[in-house]
Structures are given as structure tokens and as C-alpha cells.
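Here is a short set of exercises to work through with the model open beside you. Try each task on your own before you read its solution.

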Amino acid sequence: MSWRADVLTIFPSMFPGPLGESLAGKAMEAGSWSLKVTDIRDFGLGRHRSVDDTPFGGGAGMVMRPDVLDAAIGSVADATLGSVADKRPLIVLTPRGAPLTQKRVRELAEGPGVILLCGRFEGIDQRVIDARQAEEVSIGDYILSGGEIAALVLLDAAIRLLPGVMGAAISAVEESFSAPLLEYPHYTRPAVWAERAVPETLTSGNHAAIAAWRLAAARQTTKTRRPDLYNQYIASGAPAP
Ligand code: SAM
């Protein structure tokens, strides 16, 4: 059974968006993953299919209603409840969530898929998040105008790890965050460009020397740019350079 993504949003036309192109688009055509988008407004209230209301306690903006969202979630999740094959996590995209990591992305890619709920306005009534035991995930310490782009980010990161999606499986193992190191820098032809030569080792043909150069470069960049990752790397038992 292929990896299945359900997305709940008030802007269904934002999907598949960029995921219809390139690797993800081809993988969708090939049936490696599938996408179903649900318009939350289909569950909205009244003539205007309203999905939000003013916040209790006052303040600016609007909050997405729990009853409307629960009906939208139910249309996807309850329909699949009881099916042993469907153990997909319900994920709410929110800046209040746990930061998305490559480790979590890998776990999601290894599972049956995801159900993603995209917030808008000031956010989502907390009760529906709690009642549905949703996982709250953030894609970074900044505020987007809605959860849709965050959902696209999560899906893109997971889909490229699905079996058969990436041409060279090795690149998924080597790249940044698979080990807690940033990746080494890349170079291609021409060997000299704008009076800048490629590091000599890389053109030496000596594979052991190239591997050592890349590891040293990865360590140095990580130490300078991301001391938090570097400390994890050292703590994981890697030999200090
Ligand atoms: N009032 C919220 C706050 O200060 O935390 C921001 C709400 S934001 C304008 C609207 C929606 O965008 C959120 O409900 C969430 O779904 C999404 N969003 C914004 N930033 C995000 C992030 N960094 N990661 C994931 N989703 C995000």
C-alpha cells in the first residue's frame, strides 16, 4: 500500500503545488504516494461556511473552531478507524509545536503516511488538538501566515525518503542531519572559476583523502555554524578531530 497523505485546509488549491513537480510529482504519478485534500469550509457553519470565531479572553484575530475542525478531521480519520493498515498520525502544523527534525521525518516516511491539519488566522482552538491527540509540529522559529506551506515542507521532506523516490539512495544517508553534522561543501566544473580553484584534494582522485577532507570540512562547518549539533556529534561518541 502506498504512502498516503491527507491534508485539511481552507486553501485546497495550494495542493499539490510544488509537490506536483520534480521527484515528488513523478513519485505521485508512479503511485509511490497519494494525496487527498479536504476543504475545511465544507464543514463550515451557516451561509458563509464560517470556520472561525473571536478568541475567548479577547485579543486580535480569529481562532479556528473546534467543532468545525473536528468534523473535518472525522471525515478523514474516522472513516479509516479500525483499519489495521491505517495508523497515520494526525499532525497539526503550528509554531507552538515540537521542531521538525530529520529523525521525525524519517519515522514518518517509514510509516503509512500522515494526516495534516493546516491552521490559519491566530491558530486553532486547543481543545480539538487535545481531544484528537494530535501531534503539534513546527517547521521553525518564525511565523508563517498559514500551515499550508509548513505542510508542503513536511511532505516534501518525507516523500523524498520513500522507497524508490530518490535515484541515489546513498545521498539520503550522506546528507546533512543523517549524522548530526552539516554536509561538506560541493564543487563541480569548471575546476577554476572566477579565479577560485576547487580544493586540490577533490581533484586528486585519492578517495581516502577526499573522504577525510569532506569529514574535516563537515566537522569544521558544524562546529562554527551549529555548536548545538556539534556537541551532539561529539556526545554520540564520534572521535574529536
Ligand atoms: N498566533 C500564532 C502564534 O503567534 O503562534 C500564529 C498563527 S499563524 C499566523 C497561522 C497558522 O500558520 C498557524 O495556526 C499554523 O498552522 C501556521 N504556522 C505559522 N508558523 C508556523 C511554523 N513555524 N510552523 C508550522 N506552522 C506554522
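The exercises below move from the whole chain to helices, single residues and backbone details.

**Before you start**

This is a predicted model, in which local features need pLDDT of at least 70, side-chain atom pairs count only at pLDDT 80 or more, and totals for chains, interfaces and linings use all residues. Residues are numbered from 1 along each chain as its sequence is written, and side-chain values use heavy atoms, with hydrogens and water left out.

**Exercise 1. The whole chain**

Task: Describe the extent, the domains and the surface of the protein chain.

Solution.

Step 1. Begin with the outline: along the principal axes, the C-alpha atoms fill a box of roughly 70 × 45 × 40 Å.

Step 2. Next, list the secondary structure. The chain has eight helices and nine strands; these are DSSP runs, numbered from the N terminus, with helices being H or I of at least four residues and strands E of at least two.

Step 3. Now split the chain. Domain 1 covers 3–159 and domain 2 covers 179–235, with bounds that come from an automatic or database domain assignment. Their C-alpha centres are 37 Å apart.

Step 4. Turn to burial and surface. Of the 241 residues, 37% count as buried; buried means under 20% relative accessible area, exposed over 50%, and partly exposed in between (1.4 Å probe, protein chains only). The chain exposes about 14,000 Å², and carbon and sulfur atoms supply 56% of that area. Accessible areas come from the Shrake-Rupley method with a 1.4 Å probe, and for residues only the protein chains shown count as cover.

Step 5. Finish with contacts, meaning heavy atoms within 4.5 Å. Among contacts with a separation of 6 or more, residues 24 or more positions apart account for 72%.

**Exercise 2. Two helices**

Task: Compare the end-to-end distances of α5 and α7 with the expected spans, and list their buried residues.

Solution.

Step 1. Set up the expectation: the span is 1.5 Å times one less than the number of residues.

Step 2. Apply it to α5 (residues 147–159). This helix of 13 residues should span 18 Å, and its end C-alpha atoms are 18 Å apart, so the two agree.

Step 3. Apply it to α7 (residues 207–225). Its 19 residues reach 27 Å from first C-alpha to last, close to the 27 Å expected.

Step 4. Check burial in α5. Because 10 of its 13 residues are buried, α5 is largely enclosed by the rest of the structure. Among the buried residues are Gly147, Glu148, Leu152 and Ile159.

Step 5. Do likewise for α7, where Ile210, Ala217, Ala218, Arg219, Thr221 and Thr222 are buried. The cover over these residues includes α8 (227–235).

**Exercise 3. Leucine 108 and alanine 211**

Task: Decide whether each residue is buried or partly exposed, and place it in space.

Solution.

Step 1. Locate leucine 108 in helix α3. Its relative accessible area is 4%, so leucine 108 is buried.

Step 2. Look at what surrounds it. Setting aside neighbours within four places in sequence, leucine 108 is in contact with Trp3, Pro89, Ile91, Val114 and Leu154. Its C-alpha is also 6.7 Å from that of alanine 158, 50 residues away along the chain.

Step 3. Move to alanine 211, in helix α7. Its relative accessibility is 46%, so alanine 211 counts as partly exposed. From its C-alpha to that of threonine 201, 10 residues apart along the chain, the separation is 9.6 Å.

**Exercise 4. Backbone details**

Task: Find the cis peptide bonds and the positive phi values described here, and give their places.

Solution.

Step 1. Recall the background: most residues other than glycine have a negative phi, and most peptide bonds are trans.

Step 2. Look at the prolines. The bond from phenylalanine 15 to proline 16 is cis, with omega near 0 degrees, and proline 16 lies in the loop between β1 (3–9) and α1 (22–29). A cis bond also joins arginine 189 and proline 190, with omega about 0 degrees; proline 190 is in the loop between α6 (169–174) and β8 (192–193).

Step 3. Look at phi. Glutamine 133 has a positive phi near 50 degrees and sits in the loop between α4 (126–131) and β7 (135–138). With a relative accessible area of 73%, glutamine 133 is exposed. Alanine 194 has a positive phi near 50 degrees, and its place is the loop between β8 and β9 (196–197).
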